Amino acid sequence: MQRALLDRISIHRPSAHGILYGMEFVDNITSTLKKPDVAGLIAFLASAVLIWLLRNSIASFVLGVDPSSFMSVEGQYIYAQASITVNGLLIAIIGFLIYVTIIRDVSVERSRFSALAQDINQDVSLTREQFQALYENSPVPYFLMDDTGMIRHPNKATLRFFGGMVDACERVNMYDALTTGDHLQRAGPALFREKIERGIPISQEEMHIRTLSGEYRWVLLSIHSFLHDTSIPLHHLVTLVDITQEKESERAKSDFLLLASHQLRTPMTTIKWYIDYLLHTQSIILPTDVRNYLEEIDVGNQRMIDLVGTLLTVSQIEMGTLVPESTPVSVNEVIEDVLRELTPDIKSRGTQLVFDQRGDDIIKTDRNMLRITIHNLLTNAIKYTKRGGTVGIATDYGSMMATVTVSDDGCGIPLQEQSKIFSRMFRASNARKVSSNGTGLGLHLTRSVIQKLGGSVSFVSEEGKGTTFTLSIPRIAPDA
Amino acid sequence: MMKQTPTILIVDDEESLVNVLARKFMDEGITAYKANNGREGLALAFEKHPDLILLDIMMPEMDGFDVMKALHEDEWGKTVPVILLTNSSSIETVSQAVSAGTSEFLIKTDVHLDQVVSHVRDRLSRIPPTI
């Protein structure tokens, strides 16, 4: 019976042609619509739905039997067979449609990709040419450095910088040509070499380089190392920015300042020491009024000395030439040293001093700069506190920061002027009434200096009641 | 070795300062030789062998550091204590002073005359006396 049934199942030739025509139709749709994926998906979905809807008709057409015969048991069996056949055809059609719609035409794609590759190659060639031109003609010296430190492929700016042609520059060894150039003789070149060998990036480090003529020039040096890319034989791209002119200009300004301060201070020293001699030599008897005049001259001279010192320090900070040198410093010792200096003023004004020392007072900072800030605050506190008033100094030491607080019960700072108190040349209106002496630079200098040490200064004040200034200083200075 | 009456050499291109210092030291019983430039100072130093030298830094032709360098090339010169006088408080000057072989320097505008005398006396007291 099975054999008899199977004999009756035959593929009707026209159906095979129909399927082929269908696929071509779908292919045409997909290629003409130019969105093969979407069109293809729609096409095969539509085909699948259509085939499913017409499954009985297709089965009867393919098998050459009447659809009504599917109702009998025998018909059910035949129907089952036909269903399997139709489902198989359906799967084949869907698969074919997926192939022609989703899996792209390799040859089309290949030609498309090769066109794209050609475009990319052209772009890369163009980019390489542009890069080459940029490298060669850049006003910034670029060159490659090999592992032994020898210069390779110097650009034109490098040739100008070193003062030679390509072959001369390519005999320069950067490890020999570099120094830090500073008076502290830091091991800059050795550190530089170590950084190169470890592939640590070097970015805009100030270095001194010897040119072919033996002249030393200041540069900002940057190096990018290609240590991990062994396909590139030369491993370091070096950039130099020549800052010699700026450094020389800085140096000239600094030298001028030092010379000017020295030239100004010398006559002031003469006045100071001669007045010292006249006032403190027992064998010299001075009339009282002469003595008083000399004392006034001494005070005026000391103000000039202080002003020159302050101006010099402010200028050095603003020029960036005042560089902190950190060493272990006892804050309490610095305060005591300042108090010793100010003892004559403290005594003459009858100022009561309260010094609250506590904790481990050793910090790593620049002693001179710290002293400047404490000196300024204490001088102000004593100056602006009425006679017989009280000046308090307190210190506190945390794990990261040290604080020095200087408080007085003096004239305070008017509220509307407090925002300007750190401005250059500013003196509060009531301060000017208390004392005509004052440059208006002290607090500006204090803030600039403490910031250089990585710290800060703040205050609270009430007019007529007093002021408390607080210095906060890192226990280890940023440069340490 | 220090003599019975201590002697010092004052080297500074500012004559008025040299004069007032010398007068002060004389009043204090310390003999003071005077020189107004580095070369003169060096010559006087080798001639008189003072117990201590007060040496200005900024002088024309031969500055204080050059004088110190020349002193260190001499057997006696290496041993004589030198206090540098300066009106510069720059870090560079301080470092140069240390490199030149002395950590003793006075900023002129920061000290009174009797403080200069105190410093000198203190330094002289550390020299063994002449037998």
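**Helices and how they pack**

User: Which residue comes just after helix 12 of chain A, and what is notable about its phi?

Analyst: In this predicted model, A:Gly320 follows directly after helix 12 of chain A and takes a positive phi of about 75°. Chain B has a similar case to look at: B:Gly29, just after helix 1 of chain B, has a positive phi of about 80°.

User: What makes the span of helix 12 of chain A agree with its expected value?

Analyst: Helix 12 covers residues 288-319, which is 32 residues, and at 1.5 Å a residue these should span 46 Å. The end C-alpha atoms are 46 Å apart, so the two values agree. You can try the same check on helix 1 of chain B, residues 15-27: its 13 residues reach 18 Å from first C-alpha to last, close to the 18 Å expected.

User: Why are some residues of helix 12 called buried, and which ones are they?

Analyst: A residue earns that word if 20 or more other C-beta atoms lie within 10 Å of its own. In helix 12 of chain A, that applies to A:Ile305, A:Gly309, A:Leu312, A:Thr313 and A:Gln316. They pack against helix 11, helix 14 and helix 16 of chain A. Across chain A, buried residues make up 26% of the 480 residues.

User: Why are helix 14 and helix 16 of chain A called roughly antiparallel?

Analyst: Look at the angle. The axes of helix 14 (residues 367-383) and helix 16 (residues 442-452) of chain A come within 9 Å and cross at roughly 150°. Angles over 145 degrees count as roughly antiparallel, so the pair gets that label. The crossing is left-handed. From helix 14, the residues that meet helix 16 include A:Ile372 and A:Leu377, while A:Leu445 and A:Val449 are among those on the helix 16 side. By class, this contact has 7 nonpolar, 5 polar and 1 charged residues.

User: What makes helix 13 and helix 14 of chain A roughly parallel?

Analyst: Again, it's the angle. Helix 13 (residues 331-349) and helix 14 of chain A pack at about 25°, with their axes 9 Å apart. Anything under 35 degrees counts as roughly parallel, so these two helices qualify. Helix 13 passes helix 14 in a right-handed crossing. Among the residues that meet are A:Val338 and A:Leu342 in helix 13, and A:Leu370 and A:Ile374 in helix 14. The residues of this contact divide into 9 nonpolar, 2 polar and 5 charged.

User: How many residues of chain A and chain B are in contact, and what makes a pair of residues count?

Analyst: A pair counts if the C-beta atoms lie within 7 Å. On that basis, 20 residues of chain A are in contact with 19 residues of chain B. Helix 11 (residues 244-280) of chain A gives the largest share of the chain A side, 14 residues. That side divides into 8 nonpolar, 8 polar and 4 charged residues.

User: What do the buried residues of helix 1 of chain B pack against?

Analyst: These buried residues are B:Leu17, B:Val18, B:Val20, B:Leu21, B:Lys24 and B:Phe25. They pack against helix 11 of chain A, together with strand 1, strand 2, strand 3 and helix 5 of chain B.

User: How many helices and strands does chain A have?

Analyst: Its secondary structure comes to 16 helices and 13 strands. Also, of the contacts in chain A with a separation of 6 or more, 59% join residues 24 or more positions apart.

Technical notes: Residues numbered from 1 in each chain as written. Chains lettered and ligands numbered in written order. Predicted model: local features only at pLDDT ≥ 70, side-chain atom pairs only at ≥ 80, totals over all residues. Axes fitted to C-alpha atoms, helices over the stretch in contact; angles between N-to-C directions. Helix = DSSP H or I, 4+ residues; strand = E, 2+ residues; numbered from the N terminus. Parallel < 35°, antiparallel > 145°, perpendicular 65-115°, else oblique. Left-handed = near helix turned anticlockwise from the far one by under 90°. Contact = placed C-beta atoms within 7 Å. Nonpolar A, V, L, I, M, F, W, Y, C, P; charged D, E, K, R; others polar. Expected span 1.5 Å × (residues − 1). Buried ≥ 20, exposed ≤ 12 C-beta atoms within 10 Å, placed from the backbone.
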